[in-house]
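Notebook open, model loaded. I want to go through a few spots one by one and jot down what turns up.

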Amino acid sequence: FYIINNKIIIMIKLFHFKLCPFSRRARVSLLELRVEHLLIDEKVWDRRREFLSINPAGTLPVIIDDDEDITVINIYAITEFLEEKFCFNHLQESLIPGEYGERAEIRRLVDWFDIKFYKDVSGVILRELIDKYYIKDQAISTSPNMDSIRIAQENLTYHFNYLNHLVSSRKWIAGDKFSQADIAAASHISCLDYLNKINWDKWEEVRNWYARIKSRLSFSDILSDKLPGFQPPIHYSDPDF
């Protein structure tokens, strides 16, 4: 690779979906590390043969690093790959910074949002509203289950209480430095916010933290996305709400 205007120029392709929180985390990570990349929109519901030949699991995100002829599948593998390639020799500032204990806390909170929050909240709402929309022509029930959505939004209160505690007692979610924990949380929250599923009036501390995330250049790129068939609320892309 080579560097122009403080950007790392490298042939990286990112297979993503605009309202996939894991795809968003990969995109924000690349942008934070100032790595130039090519976005390839992938609707996994289509089961495209060419994509399945790359990732038989049919999941997102996937990156292909043409510079080293490497394919990396799964958001955890991708973030660790980017960390080792671009941050190990201090080429870019780490997104998993700190000493051993601090890095362990970042990974713990990434796991919280990517597994627990996704299982309880974001994954449920995205499945009912987005997944079912894109498989509506298939011979299965595709009507959103409103009870599932209601329960997920009730679960949101529990998670946001914990997030409120974190951002009230720390500069960023995991400590003093912006990290993958912030990117993970914001990636899930941004998808819900696009669907207008967060009552921000109830969560001032979380809103203030998220406003700082929205103000970052890496995140403004994400917030410019539009998904056909779904219109975000007016405040969605406004850093000041």
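I began with the contacts of Ser179: leaving out residues up to four places away in sequence, Ser179 touches Leu95, Pro97, Ile106 and Ala174. Note to self: this is a predicted model. Ser179 sits in the loop between helix H5 (146-169) and helix H6 (180-194). Buried or exposed, I wondered about Ser179? Buried, because its relative accessible area is 0%, and under 20% counts as buried.

**Helices H4 and H6**

Next I looked at how H4 and H6 pack. Their axes are 8 Å apart, at an angle of about 10 degrees. That angle makes H4 roughly parallel to H6, since the cut-off for roughly parallel is under 35 degrees. I then pulled the residues that meet. On the H4 side they include Ile106, Phe113, Asp114, Tyr118, Ser122 and Leu126. On the H6 side they include Gln180, Ala184, His188 and Leu192. By class, the H4 contact with H6 has 14 nonpolar, three polar and one charged residues.

I stopped at Ser122, which is in helix H4. Ser122 is buried, because its relative accessible area is 0%. Outside the residues up to four places away in sequence, Ser122 touches Phe117, His188 and Leu192.

**Largest pocket**

Then I checked for open space. The largest pocket holds about 420 Å³ and is lined by 21 residues. Which of them lie nearest its centre? Cys20, Phe22, Val44, Leu60 and Tyr118 do. Helix H1 (21-32), helix H3 (75-86) and helix H4 (100-134) each give at least two residues to that lining. H4 supplies the largest share, six residues. I sorted the pocket lining by class and got 15 nonpolar, four polar and two charged residues. Tyr118 turns up twice in my notes: among the residues nearest the pocket centre and among the H4 residues that meet H6.

**Largest cavity**

I also looked for closed space and found one cavity of 30 Å³ or more. Its volume is about 30 Å³. The lining is Glu42, Lys43, Val44, Arg47, Arg48, Phe51, Leu52 and Gly58. By class, that comes to three nonpolar, one polar and four charged residues. Val44 is in this cavity lining and is also one of the residues nearest the centre of the largest pocket.

**Backbone oddities**

Arg47, from the cavity lining, has phi near 50 degrees, a positive value in a residue other than glycine. Arg47 lies in the loop between S4 and H2. I put Arg47 down as partly exposed because its relative accessibility is 49%. Arg34 also has a positive phi, near 55 degrees. I found Arg34 in the loop between H1 and strand S4 (38-41). At 34% relative accessible area, Arg34 counts as partly exposed.

The peptide bond from Leu60 to Pro61 is cis, with omega near 0 degrees. Pro61 is in the loop between helix H2 (49-54) and strand S5 (62-65). Leu60 is also on my list of residues nearest the pocket centre.

**Glu80**

Last stop was Glu80, in helix H3. Glu80 is partly exposed, because its relative accessible area is 27%. Setting aside neighbours within four places in sequence, I found Glu80 in contact with Ile96 and Arg107. I also checked the distance from Glu80 to His235: they are 155 residues apart in sequence and 33 Å apart in space, C-alpha to C-alpha.

Methods. Residues numbered from 1 in each chain as written. Predicted model: local features only at pLDDT ≥ 70, side-chain atom pairs only at ≥ 80, totals over all residues. Heavy atoms only, no water. 1 Å grid on protein atoms, 1.4 Å probe; cavity = no way out; pocket = protein on both sides within 12 Å on 5 of 7 lines; lining within 4 Å. Points joined across faces, edges and corners; volume = space filled by probe spheres on them. Helix = DSSP H or I, 4+ residues; strand = E, 2+ residues; numbered from the N terminus. Nonpolar A, V, L, I, M, F, W, Y, C, P; charged D, E, K, R; others polar. Buried < 20%, exposed > 50% of the residue type's maximum accessible area, 1.4 Å probe, protein only. Contact = heavy atoms within 4.5 Å. Axes fitted to C-alpha atoms, helices over the stretch in contact; angles between N-to-C directions. Parallel < 35°, antiparallel > 145°, perpendicular 65-115°, else oblique.
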